[in-house]
Amino acid sequence: MNKEYIKSFADENSAKLFRIHRELCLIPAFSGHEYERAVYCRDYLLAAGADNVYIDDAMNTVFPLCCDGSDRITVINAHTDTVFPEDIPLYFTDDGERISCPGVGDDTAALAVLLLTAEFFIKEGIKPEGGILFVCNSCEEGLGNLRGIKQICEDYSGRIARHFSIDAHLDAVADRCVGSERFEVSVKTAGGHSFSAFGTPNAIAIASEMVCEIYSLTVPDMPGTRTTYNVGIISGGNSVNSIAGNASFLCEYRSDDRECIAIMREKFESVFGKLRPGADVSVRTVGIRPCEGNTDRTEIERMASLAAKVQSEITGLPVRRASSSTDCNIPLSLGIPSVCIGAFFGGGAHTVNEYIIRSSLPLGLQSVIRILLEK
């Protein structure tokens, strides 16, 4: 199937692509609450002619194409969830150049592209060797902890040969994953009146000390790797004239190298385990995204080079290689070659001002179809 035919399909179906995208954008899908989007995806695929689509226990919408009996399946996914809770208004604007809406790009644009890609394979009667598993998956964002793609890897254990995740811009291909470990730290003290109990340990002050200690840590300086840490939320106390009896904060470290993750784990444990007189400190792990395991880097390089070549040919722009934290973390941790590919251009991800460049969406459709055909 030649490139011009695929381009013609994308151009001729651009109105449908924009319609799907708009309809998805206006369905609230905070991580862990994306069932309505899963139903939309299932119903769309059924209407397109897929006869074996299902929603699994993790809220994934799954369409196996020619996968029966295969142990060489290619998985391609886009996640259904966004970072925005239901109280965030889902305004939608399209001025002909930019489309704006909370979650418009990450990952709703990719989800629309995935649905129309699956329809292309159905309508063209393509029977891919080894089979393709199209997955609209749940729980990629925040503390969803990649539940959706974990379920896929469990259900199809030993049968997946390669994996592509659509969750990036068209000028990037992520061929390494960034692992992370996230914690909720809670501090409790006796508290008391700010005047009469002055001198009693203050939970906020102790939590603040711990945050300062975290920010005094040095990250591993290993060539070819990057390691970071962050404290993202802090809360506690009751009033301005009360010595805080409770405080908590969420923190994380992340790296694209397993050894660096282990080093950061030891450093954080030294902060968490330090004696704090007058305080009860508890730590709860709230999220783990694993780093890459023992994978075939030759196959990953082949997949990444193909994706970069196709994206560059279609956009006329250079494509950079990157490390990223995506659904690819799970298959890579299991030794399954996996890369993250792009579907659009835009900006403002994870903000209410997120936007995509309208003209880039059909380019993303072309790209994904070609990558799957040339894989």
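**Figure 1. Aromatic pairs in the predicted model.** The count of aromatic pairs in this predicted structure comes to nine. One of them joins phenylalanine 9 and phenylalanine 120, whose ring centres lie 4.8 Å apart with 70° between the planes, an edge-to-face arrangement. Phenylalanine 9 belongs to helix α1 (residues 3-12) and phenylalanine 120 to helix α4 (residues 108-123), so this pair ties together parts that are 111 residues apart in sequence. Phenylalanine 9 is buried, with a relative accessible area of 12%; phenylalanine 120 is buried as well, at 0%.

**Figure 2. The tilted pair of phenylalanine 183 and tyrosine 253.** The two ring centres are 5.7 Å apart and the planes meet at 40°, so the pair is classed as tilted. Phenylalanine 183 lies in strand β9 (residues 179-188), whereas tyrosine 253 lies in strand β13 (residues 246-255); the pair therefore ties together parts that are 70 residues apart in sequence. Phenylalanine 183 counts as buried at 10% relative accessibility, and tyrosine 253 counts as buried at 0%.

**Figure 3. An aromatic cluster of phenylalanines.** Phe9, Phe63, Phe120, Phe121 and Phe134 form one cluster. Among its members are the two partners of the edge-to-face pair, phenylalanine 9 and phenylalanine 120.

**Figure 4. The protein chain that surrounds these views.** The chain has ten helices and 18 strands. Its radius of gyration is 23 Å, close to the 21 Å that the globule rule gives for 375 residues, so the chain is as compact as a globular protein of that length. Buried residues make up 54% of the 375 residues. Of the contacts between residues at least 6 apart in sequence, 80% join residues at least 24 apart.

Terms used. Residues numbered from 1 in each chain as written. Predicted model: local features only at pLDDT ≥ 70, side-chain atom pairs only at ≥ 80, totals over all residues. Heavy atoms only, no water. Helix = DSSP H or I, 4+ residues; strand = E, 2+ residues; numbered from the N terminus. Rg over C-alpha atoms; globule rule 2.2 N^0.38 Å. Buried < 20%, exposed > 50% of the residue type's maximum accessible area, 1.4 Å probe, protein only. Contact = heavy atoms within 4.5 Å. Phe/Tyr/Trp six-rings, centres within 6.5 Å; stacked < 30°, edge-to-face > 60°.
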